[in-house]
Amino acid sequence: MCETHRDNPVRFTFPSASEQETDRLGALLADVLRGGDIVALNGELGAGKTRLVRAIVHSLCPAGQRVSSPTYVLVQQYEGETPVFHFDAYRLADVDEFLELGAEEIFEDGGICLIEWAARVAEVLPPSSLRIDIRVTGPESREYELAGSDGRAIEIIEAIRARAGVRP
Ligand SMILES: Nc1ncnc2c1ncn2[C@@H]1O[C@H](COP(=O)(O)OP(=O)(O)OP(=O)(O)O)[C@@H](O)[C@H]1O
Ligand SMILES: [Mg+2]
């Protein structure tokens, strides 16, 4: 079935009352994400984009790989069974600079792509990208809202919705 929800995206909000709960969302995403998936992260400075990337990478990749905002290199790669590419669009001058990084080739490379400040490059992200918007609701609390309009994004959201209610 090829279902699209362009005008009415599928949404699921994961409330996180602590960094440990964000780690749990990261572990759930690590379970569900597969090569080729693209996750578009948005939220103000300090919202918790990198924190979620760290949680995902710690679940997917062997220990010891440091995760910080890829400020200077703009894209960082973490090794694992499925490689993870971590972009940060904050300092990019424009979409062309993102494309010059080889973003479209990397999207096709079979890894999982996680993009901070993704709204800045939204026009070149595939419609099947999973969007995660982060709201700061208190010093230790955040809301991670997953939204998707197409294909894989909807599958990922439904899988997370199904797993999120089941406490380990
Ligand atoms: N429940 C929570 N989930 C995630 N982060 C939290 C939570 N509570 C507090 N924090 C703190 O919020 C901060 C999130 O910082 P992080 O670097 O992830 O933000 P960011 O969205 O990547 O910002 P930037 O746009 O500067 O890259 C960290 O200091 C983290 O300790
Ligand atoms: Mg960051």
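**Two crossing helices, a sheet and a ligand shell**

Helix 1 passes helix 2 in a right-handed crossing. The model that shows this arrangement is a predicted one, and the pair of helices makes a good starting point for a tour of it.

To picture how two helices sit together, two quantities help: packed helices are described by the angle between their axes and the distance between the axes. Here, the axes of helix 1 and helix 2 come within 8 Å and cross at roughly 55°. An angle that is neither under 35 degrees, nor over 145, nor from 65 to 115 counts as oblique, and helix 1 and helix 2 are therefore oblique to each other.

Which residues of helix 1 and helix 2 meet? From helix 1 come Glu19, Thr22, Asp23, Leu25, Gly26, Ala27, Leu29 and Ala30, and they meet Arg51, Leu52, Ala55, Ile56, Ser59 and Leu60 of helix 2. By character, the residues of this contact divide into eight nonpolar, three polar and three charged.

Both helices also have a place against the strands. The sheet itself is open and is formed by seven strands in the order 1-7-6-2-5-4-3, with mixed pairing. At its edges are strand 1 (10–16) and strand 3 (75–78), each of which pairs on one side only. On average, neighbouring strands are turned by 20° against each other, direction ignored.

Strands of a sheet pair through backbone hydrogen bonds, either parallel or antiparallel. Strand 1 and strand 7 (residues 142–148) run antiparallel and are joined by seven bridges. Within this pairing, Thr13 stands opposite Glu145 in strand 7. Across strand 1 and strand 7 lies helix 1, which runs at about 145° to strand 1. Helix 2 packs on the sheet as well, touching strand 2 (38–42), strand 3, strand 4 (84–88), strand 5 (112–116), strand 6 (130–136) and strand 7. The direction of helix 2 makes about 165° with that of strand 5.

The two helices appear once more around the ligand. Ligand 1 is surrounded by 17 residues, and the closest are Thr22, Gly48, Lys49, Thr50 and Arg51. The elements that give two or more residues to this shell are helix 1 (19–32) and helix 2 (49–60). Which element supplies the largest share of the shell? That element is helix 2, with three residues. What is the character of the residues around ligand 1? The shell divides into two nonpolar, nine polar and six charged residues. Thr22 and Arg51, listed among the closest residues to the ligand, also take part in the contact of helix 1 with helix 2.

Methods. Residues are numbered from 1 along each chain as its sequence is written. Chains are lettered from A and ligands numbered from 1 in the order in which they are written. This is a predicted model: local features need pLDDT of at least 70, side-chain atom pairs count only at pLDDT 80 or more; totals for chains, interfaces and linings use all residues. A residue is near a molecule or strand if its C-beta atom, placed from the backbone, lies within 6 Å of it. Helices (H or I, at least four residues) and strands (E, at least two) are DSSP runs, numbered from the N terminus. Ala, Val, Leu, Ile, Met, Phe, Trp, Tyr, Cys and Pro count as nonpolar, Asp, Glu, Lys and Arg as charged, and the others, Gly among them, as polar. Axes are lines fitted to C-alpha atoms, for helices over the stretch in contact, and angles run from 0 to 180 degrees between N-to-C directions. A crossing is left-handed if the near helix is turned anticlockwise from the far one by less than a right angle, and right-handed if clockwise. Two residues are in contact if their C-beta atoms, placed from the backbone, lie within 7 Å. Two strands pair if DSSP finds at least two bridges between them.
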